[in-house]
Each structure stands twice: as structure tokens, then as C-alpha cells.
Amino acid sequence: VDYEISSQRKAKEFQLQAFLRLLITALASPEIGPVDPIPEETLEEIVQLLGVVAFASSHMEMGGFQVTLHGVLKFFTPLLPKTLLEIYDRLEIDPPKCLLPAPTEAPMSLDADSDVG
């Protein structure tokens, strides 16, 4: 029981550290707005922190990490969409639909271009 409480506490701490690093990075340049994607070094630190949270969460409850991740990152969706997509990709987790690009019209086939003349 003590081990489980310690793991939960450590997971919450790492989750908070990841959130704070994203927040500090997003607010670092108020004159020009957030830089998206964020610097590689910071991105890697955040992914490592969230990786520990994922590991701890997988031992506590199924699906808990994905819910936690969406909860932590939803605040940054309008500010850092490219960064969030990169985080989900590196953690090998499907991103929420709000981060996915809107479907575009199907491109014209090459045959249609050859008929224009």
C-alpha cells in the first residue's frame, strides 16, 4: 500500500512538472506569443516526465494515463498544437481529435491533369 501511494505521489509530481514546463514555455514570450513547437530539449524533458507518469499509471489503472494526459494537455491545445502532437507521437498514444488536422478534399488524380491541355 505504501509503494502504491508513493508511486501515485511521484506520478502526480512528474505530471505537475510537465504541466509547469509547458506553461512556462508557452508564456515565455508574451510579446510574440508561444513558439510552437517548443525547443527540442524542453520537449524531450516533458516527454520523459510523462513517460514516468505513464509507467506509474499503467500499474495503477488501465486507461488512467490517457485520461490524465488529456486532462493535463487540453489547456495547451490552442497554444501549442504542434508540440502536443509531437508529445502524443513520442509517447505512442493517439491524440485527441481536436489536435488532428481537418480532413481536406481529395487531390485531383494525375489522369485529370493530363486531360487539361
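Read from one end of the sequence to the other, the chain runs α-α-α-α-α. That makes five helices and zero strands in this predicted model. The chain has 117 residues, and 30% of them count as buried. Its accessible surface comes to about 8,200 Å², with 59% of that belonging to carbon and sulfur atoms. As for how the chain folds back on itself, take the contacts with a separation of 6 or more: 68% of these are between residues 24 or more positions apart.

The interior is a good place to start. In soluble globular proteins, nonpolar side chains tend to be buried together. Here, the largest nonpolar core has 25 residues. Within this core, the residues with the most contacts are L22, L50, L69, L73, I87 and L91. Four elements give two or more residues each to the core, namely α1, α2 (40–60), α3 (64–73) and α4. Helix α2 supplies the largest share, with seven residues.

I87 gives a feel for how this core is put together. Setting aside neighbours within four places in sequence, I87 is in contact with L22, L43, I46, V47, L50 and L73. Two of the partners, L43 and L50, belong to the stretch 40–60 that forms α2. L22, L50 and L73 turn up again among the residues with the most contacts inside the core.

Next, the helix that carries I87. Helix α4 spans residues 81–90, and its buried residues include T83, L84, I87 and Y88. These cover an arc of only 135 degrees around the axis, so they sit on the same side of α4. The other side of α4 has K82 and D89, both exposed. The spacing fits a general rule: an α-helix has 3.6 residues a turn, so residues three or four places apart point the same way.

R90 also belongs to helix α4. R90 counts as partly exposed, at 28% relative accessibility. Beyond its neighbours within four places in sequence, R90 is in contact with E40, L43, E44 and V47. For one of these partners, L43, the C-alpha atom is 9.9 Å from that of R90, although the two residues are 47 apart along the chain. L43 and V47 are also partners of I87, so to speak shared with R90.

After α4 comes E92, with a positive phi near 60 degrees. Such a positive value is found here in a residue other than glycine. E92 is located in the loop between α4 and α5 (110–115). With a relative accessible area of 75%, E92 is exposed.

Helix α3 shows a one-sided arrangement too. Its buried residues are G64, F65, L69, V72 and L73. They cover an arc of only 140 degrees around the axis, which places them on the same side of α3. Of these, L69 and L73 are also listed with the most contacts inside the core.

That leaves helix α1, residues 2–27, which includes T25. T25 has a relative accessible area of 18%, and since buried means under 20%, this residue is classed as buried. Leaving out neighbours within four places in sequence, T25 is in contact with I38, P39 and T42. A little before these partners in the sequence, a cis peptide bond joins D36 and P37, with omega at about 5 degrees. P37 sits in the loop between α1 and α2.

Other parts of α1 are less covered. K12, in helix α1, is exposed, with a relative accessible area of 55%. K12 and T68 are 56 residues apart in sequence, yet 9.7 Å apart in space, C-alpha to C-alpha. L20 also has its place in helix α1, and at 38% relative accessibility it counts as partly exposed. Together with L16 and I24, L20 makes a nonpolar surface patch of about 290 Å².

How values were computed: Residues numbered from 1 in each chain as written. Predicted model: local features only at pLDDT ≥ 70, side-chain atom pairs only at ≥ 80, totals over all residues. Heavy atoms only, no water. Buried < 20%, exposed > 50% of the residue type's maximum accessible area, 1.4 Å probe, protein only. Arc of directions from axis to C-beta. Contact = heavy atoms within 4.5 Å. Areas by Shrake-Rupley, 256 points an atom, 1.4 Å probe, with all protein chains shown as cover. Core = buried A, V, L, I, M, F, W, Y, C linked by side-chain atoms within 4.5 Å. Patch = residues over 30% accessible without salt bridge, like charges linked within 9 Å, V, L, I, M, F, W, Y side chains within 5 Å. Salt bridge = Lys/Arg side-chain N within 4 Å of Asp/Glu carboxyl O.
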